[in-house]
Amino acid sequence: MLVIENILWLLVLIGVMILVHELGHYWVARYFDVRIDTFSFGFGPRLWGFRRGETDFRISLIPFGGYVKMAGEQTGDQAADDPRSFLAKPRWQRLAIAFAGPMMNVVLAVALLTGLFMYKYPKPLDTPDGAVVGHVVADSPAARAGVREGDRIVRFDDKSNPSWEDIFIKEFASANRSLPLVLERNGRTINTHITPRLSERTGIGYAGWSQEAEIQVTEVVPGMPAEKAGLRKGDLLLTIQGRPIKSLLKFHDEVRASEGKPVTIEILRDGQLQAITMQPVYPEAEKRWMIGVAADQRIAYVSLPLAQALTQSVQQNVRGATLIYEFLRGIVARRMSAKSIDGPIRIAQLSGDAAREGAYTYVHLMAAVSLNLAIINLLPIPVLDGGVILMLLVEMILRRDLSIPVKEAVFKFGFVFLLMVMVFVIYNDITKMIIPAG
């Protein structure tokens with residue numbers, strides 16, 4: 001039943017993405033008076049639809065995608081000589097039509113986050129100024145670079161006064177690459193280098209540090225030691241075994257280091273200090289000591305006015321786009337593993353989980369997927385919009401059309417490449433499900 005529910009939420013998610021994307025192509029093509037024969041949600045045989053004017057609006061059998069079929073879109077089509085055909089239009093107009101789909105996905109991502117932030121914006125509380133290190137994992141790249149708790153990162157690679165988001169983006173995409181690092185410690189400046197290692201579990205760069213922040217319980221797993229001991233969602237975690245909890249990584253490391261011995265956690269609940277003792281368990285599937293809580297940086301939810309919500313939305317989408325770019329560049333440079341790519345099975349799981357958490361989480365995921373779809377579609381891969389844009393730019397530079405055999409060869413290469421990528425990501429998803437993490 002859970003699998004079916006995940007698939008349904010995935011279909012809703014990609015349905016919105018496809019509809020918005022194809023509407024971008026459709027509206028701009030109509031604006032330039034291109035005749036549109038078909039607007040299809042899905043591929044394959046037509047299941048249902050209606051005709052409005054000269055366009056057949058349809059739902060097709062395979063729901064993972066969609067297309068807008070324009071008259072004379074491919075060289076050799078019978079309608080290629082029609083003055084309203086796609087190929088009869090100037091190249092700059094064809095370029096605009098191809099670009100409109102991904103652009104609509106960017107607009108959707110910005111609009112969704114703007115709406116969310118006007119309703120509920122997560123604002124971190126009691127976070128120190130700058131990127132202050134809250135914990136360093138023993139024998140990690142950060143530890144070997146000489147980083148200590150309380151250090152403030154004043155420069156990381158080419159970024160001065162970076163935020164933790166800047167740091168994580170660079171860290172994830174820089175496995176096995178030495179990065180210059182400048183720290184401030186007790187008024188002194190320390191110059192060093194850090195080389196994130198490639199995490200076999202996640203396929204991304206890992207430095208072994210985390211930011212200093214107050215940590216709050218976000219979820220308590222039923223039946224686990226934390227629930228039995230009385231820990232609740234919203235509790236502020238102060239100390240564990242008498243040691244201050246200044247980061248999420250610190251908390252998890254202390255639980256793992258207990259090796260099953262009882263741990264005492266001091267919490268703040270409703271303004272009252274409490275000490276709770278519990279004994280960690282060792283689930284075979286996880287292969288680590290756990291107490292059964294999810295925790296995160298303490299935040300407060302506030303409503304932003306439109307202008308601020310839009311600004312925050314744009315900034316978050318820019319950071320997201322930068323992360324995707326660094327991710328793709330890291331894979332090409334072999335600093336990241338392609339194992340970190342999620343396919344349709346994993347996205348279905350995420351869709352179901354987000355929907356069960358509530359509309360806020362689901363819409364946030366929708367915005368992230370929309371941005372990802374826009375950037376992936378702009379990659380210069382034949383069959384994708386980016387491949388069409390690239391060929392049009394080449395033709396604009398050459399001031400002539402590429403030959404039909406060349407276009408056909410490029411299209412076939414793109415189709416085979418995408419098919420191979422799809423097979424890989426599905427295999428990758430299945431492997432992650434069969435082989436437990438860690």
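# A tour of helix contacts and one pocket

Start by selecting Glu165, Ile169, Lys170 and Phe172 in H4, which meet Arg319, Thr322, Leu323, Glu326 and Arg329 in H7. This contact is made up of 3 nonpolar, 1 polar and 5 charged residues. Keep in mind throughout that the model is predicted.

Now show the two helices in full: H4 covers 164-172 and H7 covers 306-332. At what angle do the axes of H4 and H7 cross? The angle is roughly 20°, and the axes come within 9 Å. Angles under 35 degrees count as roughly parallel, so H4 and H7 are roughly parallel to each other. Their crossing is right-handed.

**The second largest pocket**

Stay with H4 and H7, because both give two or more residues to the lining of the second largest pocket. To display that lining, select Phe156, Asp158, Lys159, Asp166, Ile169, Lys170, Val318, Arg319, Thr322 and Glu326. Ile169 and Lys170 appear in this lining and also in the contact of H4 with H7. Arg319, Thr322 and Glu326 on the H7 side likewise belong to the lining and to the helix contact.

Which helix gives the most to the lining of this pocket? It is H7, with 4 residues. Colour the lining by class, and you should find 3 nonpolar, 1 polar and 6 charged residues. The volume of the second largest pocket is about 210 Å³.

**H1 against H8**

Next, go to H1 and to helix H8, residues 344-357. Their axes are 7 Å apart, and the packing angle is about 95°. H1 is therefore roughly perpendicular to H8.

On the H1 side, select Leu2, Glu5, Asn6, Trp9, Leu10 and Leu13. They meet a set of H8 residues that runs from Pro344 to Arg356 and includes Ile347, Ala348, Gln349 and Asp353. By class, the contact of H1 with H8 has 8 nonpolar, 4 polar and 3 charged residues.

**H1 against H9**

Keep H1 (residues 2-31) on screen and add helix H9 (residues 359-377). Here the axes are 10 Å apart and the helices pack at an angle of about 50°. That angle makes H1 oblique to H9. H1 passes H9 in a right-handed crossing.

For the contact itself, select Trp9, Val12, Leu13, Val16, Met17 and His21 in H1. Their partners in H9 are Tyr362, Met366, Val369, Ser370, Leu373 and Asn377. How many charged residues does the contact of H1 with H9 hold? There are no charged residues in it, beside 9 nonpolar and 3 polar.

Finish on Trp9 and Leu13: these H1 residues take part in the contact with H8 and in the contact with H9.

Conventions: Residues are numbered from 1 along each chain as its sequence is written. This is a predicted model: local features need pLDDT of at least 70, side-chain atom pairs count only at pLDDT 80 or more; totals for chains, interfaces and linings use all residues. Side-chain values use heavy atoms; hydrogens and water are left out. On a 1 Å grid over the protein atoms alone, a cavity is a set of points where a 1.4 Å probe fits but cannot get out, and a pocket is an open set with protein on both sides within 12 Å along at least five of seven lines; lining residues have an atom within 4 Å of a point. Grid points are joined across faces, edges and corners, and a volume is the space filled by probe spheres set on the points. Ala, Val, Leu, Ile, Met, Phe, Trp, Tyr, Cys and Pro count as nonpolar, Asp, Glu, Lys and Arg as charged, and the others, Gly among them, as polar. Axes are lines fitted to C-alpha atoms, for helices over the stretch in contact, and angles run from 0 to 180 degrees between N-to-C directions. Angles under 35 degrees count as roughly parallel, over 145 as roughly antiparallel, 65 to 115 as roughly perpendicular and the rest as oblique. A crossing is left-handed if the near helix is turned anticlockwise from the far one by less than a right angle, and right-handed if clockwise. Contact means heavy atoms within 4.5 Å.
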